[in-house]
Every structure is written in structure tokens, then in C-alpha cells.
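Colleague: I'm new to this one. Could you take me through a single part of it, the second largest pocket and the aromatic rings around there?

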Amino acid sequence: MPALEMTFYPTAALVAAFFWKVFGGNLDFWGRFQAMFFSALSTLLVYQCARRYGTNRFALGAAFMLAFSPMALIYGRTFMNESVALAAFLTSFWFLCLWQDRGRAGWLVLSGLFFASVLIFRLHYVGLLPALLYLIAQHQVKSRIRSIAVFLFLSAAPTFLWFLHTYWVTTHFTQVHTSLFAQVEARNFPDPSLFQISFYQTL
């Protein structure tokens with residue numbers, strides 16, 4: 001049985017495999033197609049979100065900057081999870097905006113679930129969690145604390161279950177590897193470099 005890399009949920013591979021199974025053709029083409037599709041979706045979502053906060057020119061400028069950014073030009077055509085993770089995050093942000101505008105709890109629930117998918121696709125997006133919580137806290141409702149708690153639970157529970165699953169699999173099957181847990185076991189946390197001035201000078 002071939003080895004498996006379970007650093008993150010293989011969304012890009014599954015989407016490409018689905019299109020290849022249904023329509024046939026070249027698997028590499030579908031892998032790049034899904035990246036371009038989610039990259040284009042991200043551009044549209046950036047426009048929609050920016051339009052909420054500014055003028056049409058501002059929104060078009062934001063969409064243009066994303067569409068021609070190095071991230072979009074490189075990862076927007078690769079067989080990886082970056083494009084789908086960005087699209088999922090912007091979808092989560094857009095649902096949060098709809099919740100603020102319309103006050104319906106369903107939008108908050110969808111936002112939390114989509115952010116959970118973002119963390120499963122790419123865990124480093126957890127760095128954007130404070131910004132989302134700030135937006136929730138700014139919403140003038142009596143149940144502000146409850147809204148934050150709901151969002152945190154919906155974001156954390158699926159993420160925790162996924163990484164619990166990957167940890168269980170890697171400890172029971174030798175052919176399955178996850179570099180995430182390997183790095184945690186091999187390095188001290190937090191990394192001592194974070195407390196060294198030379199590290200930031202090099203950056």
C-alpha cells in the first residue's frame with residue numbers, strides 16, 4: 001500500500017478526482033482547473049467583501065490586486081490546497097458580513113463551519129481568527145458573547161476531530177505520515193528562534 005501524506009485534508013486532489021471520474025480527460029488538467037476555479041471565486045469574493053466597505057473602484061482595485069498577486073498567479077494553477085483554502089476563508093468572511101447585515105444566526109453558523117474547513121485545509125489560517133472574532137464583537141447585539149462562543153465551537157470542533165483522526169491514523173498505520181505531528185515531535189514548541197533577535201534580523 002502506498003504511503004499517504006496527511007498534513008491537511010486533500011481537498012484539491014478529491015475535487016480533481018471527482019471531475020476526472022465524471023468527465024474523463026487528464027487528471028493534471030483537472031487539478032489545475034480546480035485551482036483556477038477557486039482562485040477566480042476568491043477574486044469575486046474579494047470584490048463582494050470590499051464593495052461592502054468601500055466604493056466600486058475600491059472593490060475593483062482589491063480584486064485586481066488579488067488576481068495578479070504572486071499567490072494567485074502561482075497557487076492559482078497548482079495542484080494544491082491554497083486556492084480552495086483562500087476561497088473558503090473569503091466565503092466564511094462573506095457569511096460573517098451577511099450575518100452582520102441581516103442578523104440571522106444561520107449566516108454565523110455557516111461562517112463558523114466554513115472557517116473550520118479553512119483550518120482543515122490549511123491550519124496556518126488560524127492567525128486570522130482574531131480578526132473574525134473582532135468583527136463578531138463589533139456587532140451590536142445583546143448575545144455578543146454567545147455569538148463568539150458559537151463561532152469558536154463550530155470552528156474548533158471539526159478541526160479538532162480531523163487532526164485527532166490524523167493522529168490516530170498515523171499511530172496505527174506505518175504507511176501514513178503527517179509532517180505536522182512529525183515537526184511537533186522533532187522540535188521544541190514554541191521554537192527557540194522566536195525569542196532570538198537574530199531571527200527577526202534575518203527576516
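Modeller: Here is a walk through that pocket and one ring pair.

This is a predicted model, where local features need pLDDT of at least 70, side-chain atom pairs count only at pLDDT 80 or more, and totals for chains, interfaces and linings use all residues. Residues are numbered from 1 along each chain as its sequence is written, and side-chain values use heavy atoms, with hydrogens and water left out.

The second largest pocket has a volume of about 200 Å³. A pocket here is an open set of points on a 1 Å grid over the protein atoms alone, where a 1.4 Å probe fits, with protein on both sides within 12 Å along at least five of seven lines; lining residues have an atom within 4 Å of a point. The volume is the space filled by probe spheres set on those points, joined across faces, edges and corners.

Among the lining residues are Val46, Tyr53, Leu86 and Phe93. The lining splits into 10 nonpolar residues, no polar and no charged; Ala, Val, Leu, Ile, Met, Phe, Trp, Tyr, Cys and Pro count as nonpolar, Asp, Glu, Lys and Arg as charged, and the others, Gly among them, as polar. Helices α2 (27-53), α3 (56-67) and α5 (82-102) each give at least two lining residues; helices are DSSP runs (H or I, at least four residues), numbered from the N terminus.

Now the rings. Phenylalanine 93 is buried at 16% relative accessible area, while tyrosine 53 is partly exposed at 46% (buried is under 20%, exposed over 50%, partly exposed in between, with a 1.4 Å probe and protein chains only).
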